[in-house]
Amino acid sequence: MDSKECSFVILISGRGSNMRSIVTRMAKSSGPRRGKVCAVISNNPDANGLKWANDQGIETCVVNHHDYPNRDLFDKRLAETIEKYQPDYILLAGFMRILTAEFVRKFQGKIINIHPSLLPSFPGLHTHQKAIDSGVLWHGCTVHLVTADLDAGPIIAQAAVPVLPEDDANTLSERVLSVEHQLYSEVVEGLIQGLISISGVNKIQVAQGVKTTFYKESNNVVHV
Ligand code: GRF
């Protein structure tokens, strides 16, 4: 890694609000090292986030999974596309495709995801409804390293929000999303500044004093 610049490819499938918060936070950084988003890649040509990224002057690219007969060939093309940019990290930000073990192996220790639950609770889809149905009082999000097992890689950071009695999946998802934006962009800033690093086989190192836990007590207050 260039000692002054840390580069990222971001994968999205839709709205791209986590991507936006990461790019915006990066632009505001006053740290000694710079972050750069080399490209935003989507499997969905209609992903709203692509237009926003384009408007920021970020290179965008579509690898449409419908154009490939199976997951292996899609992932092969996706890997080739990413390799052109030689990023330090690949950030999954609402990327709704399951990656093959071979893809994960190729980029071991470089793929990071945000998942909208406090893992290991509620892997997979519909996490907010599952949280409500299970009666938990706290829910949240997790930034983790991606391994071949779905939503099961080593945890880098987590943020918690309360589940309120009047919540439905929509209100809860909005509360979680607001901490997702903060958590993911802070982790990325930590990676850029070398305060969070990955070494060996998925070993996460966090410098002393770097906060990797957040919680939000009500709809307005975030404690960091
Ligand atoms: C987020 O809740 C993320 O955790 C999940 O999908 C959603 C994507 O939202 N994987 P956005 O595209 O970042 O707005």
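Trainee: At what angle do α1 and helix α2 pack, and how far apart are their axes?

Mentor: In this predicted model, α1 and helix α2, which covers residues 48-55, pack at an angle of about 20°, and their axes are 10 Å apart.

Trainee: What makes α1 roughly parallel to α2?

Mentor: The angle between α1 and α2 is about 20°, and angles under 35 degrees count as roughly parallel, so α1 is described as roughly parallel to α2. The crossing of this pair is right-handed.

Trainee: Which residues of α1 and α2 meet each other?

Mentor: From α1 come Met19, Arg20, Val23 and Thr24, and they meet Gly49, Trp52 and Ala53 of α2. Sorted by class, the contact of α1 with α2 has 4 nonpolar, 2 polar and 1 charged residues.

Trainee: Why are α1 and α6 called oblique to each other?

Mentor: The axes of helix α1 (residues 17-28) and helix α6 (residues 169-192) come within 9 Å and cross at roughly 45°. Roughly parallel would need an angle under 35 degrees, and roughly perpendicular runs from 65 to 115; a crossing of roughly 45° belongs to neither class, and α1 and α6 are therefore oblique to each other. The contact is made on the α1 side by Ser17, Asn18, Ser21, Ile22, Arg25 and Met26, while the α6 side contributes residues including Leu177, Glu180, His181, Tyr184 and Ile192. By class, this contact of α1 with α6 has 6 nonpolar, 5 polar and 4 charged residues, and α1 passes α6 in a right-handed crossing.

Trainee: What makes α5 roughly perpendicular to α6?

Mentor: Helix α5, residues 127-134, has an axis that comes within 9 Å of that of α6, and the two cross at roughly 115°. Since 65 to 115 degrees counts as roughly perpendicular, the conclusion is that α5 is roughly perpendicular to α6. Here too the crossing is right-handed, and the contact is made by His128, Gln129, Ala131 and Ile132 of α5 together with Ala169, Leu172, Ser173 and Val176 of α6. The contact of α5 with α6 has 5 nonpolar, 3 polar and no charged residues.

Trainee: Which residues surround the ligand?

Mentor: The ligand is surrounded by Arg15, Gly16, Ser17, Asn18, Gly94, Ile114, Pro116 and Glu180. Ser17 and Asn18 of α1 and Glu180 of α6 are also among the residues that make the contact between those two helices.

Trainee: How do you know that Arg15, Gly16 and Glu180 make polar contacts with the ligand?

Mentor: A polar contact asks for a pair of N or O atoms within 3.5 Å. An oxygen atom of the ligand is 2.5 Å from an N or O atom in the side chain of Arg15, and for the side chain of Glu180 the corresponding distance is 2.7 Å. With Gly16 the partner is a polar backbone atom, 2.8 Å from an oxygen atom of the ligand.

Trainee: What is the phi of Gln86, and where is the place of this residue?

Mentor: Phi of Gln86 is near 45°, a positive value in a residue other than glycine, and Gln86 sits in the loop between α3 (71-83) and β4 (89-92). Most residues other than glycine have a negative phi, and most peptide bonds are trans.

Trainee: Which peptide bond is cis, and where does Pro120 lie?

Mentor: The bond from Leu119 to Pro120 is cis, with omega near 10°, and Pro120 lies in the loop between β5 (111-115) and α5. Leu125 is placed in the loop between β5 and α5 as well. Leaving aside its neighbours within four places in sequence, Leu125 is in contact with Met96 and Lys130, and its C-alpha atom is separated by 9.4 Å from that of His115, 10 residues apart along the chain.

Terms used: Residues are numbered from 1 along each chain as its sequence is written. This is a predicted model: local features need pLDDT of at least 70, side-chain atom pairs count only at pLDDT 80 or more; totals for chains, interfaces and linings use all residues. Side-chain values use heavy atoms; hydrogens and water are left out. Axes are lines fitted to C-alpha atoms, for helices over the stretch in contact, and angles run from 0 to 180 degrees between N-to-C directions. Helices (H or I, at least four residues) and strands (E, at least two) are DSSP runs, numbered from the N terminus. Angles under 35 degrees count as roughly parallel, over 145 as roughly antiparallel, 65 to 115 as roughly perpendicular and the rest as oblique. A crossing is left-handed if the near helix is turned anticlockwise from the far one by less than a right angle, and right-handed if clockwise. Contact means heavy atoms within 4.5 Å. Ala, Val, Leu, Ile, Met, Phe, Trp, Tyr, Cys and Pro count as nonpolar, Asp, Glu, Lys and Arg as charged, and the others, Gly among them, as polar. A residue is near a molecule or strand if one of its heavy atoms lies within 4 Å of it. A polar contact is a pair of N or O atoms within 3.5 Å; within protein, one must be able to donate a hydrogen and the other to accept it, and residues adjacent in sequence count only if both atoms are side-chain atoms.
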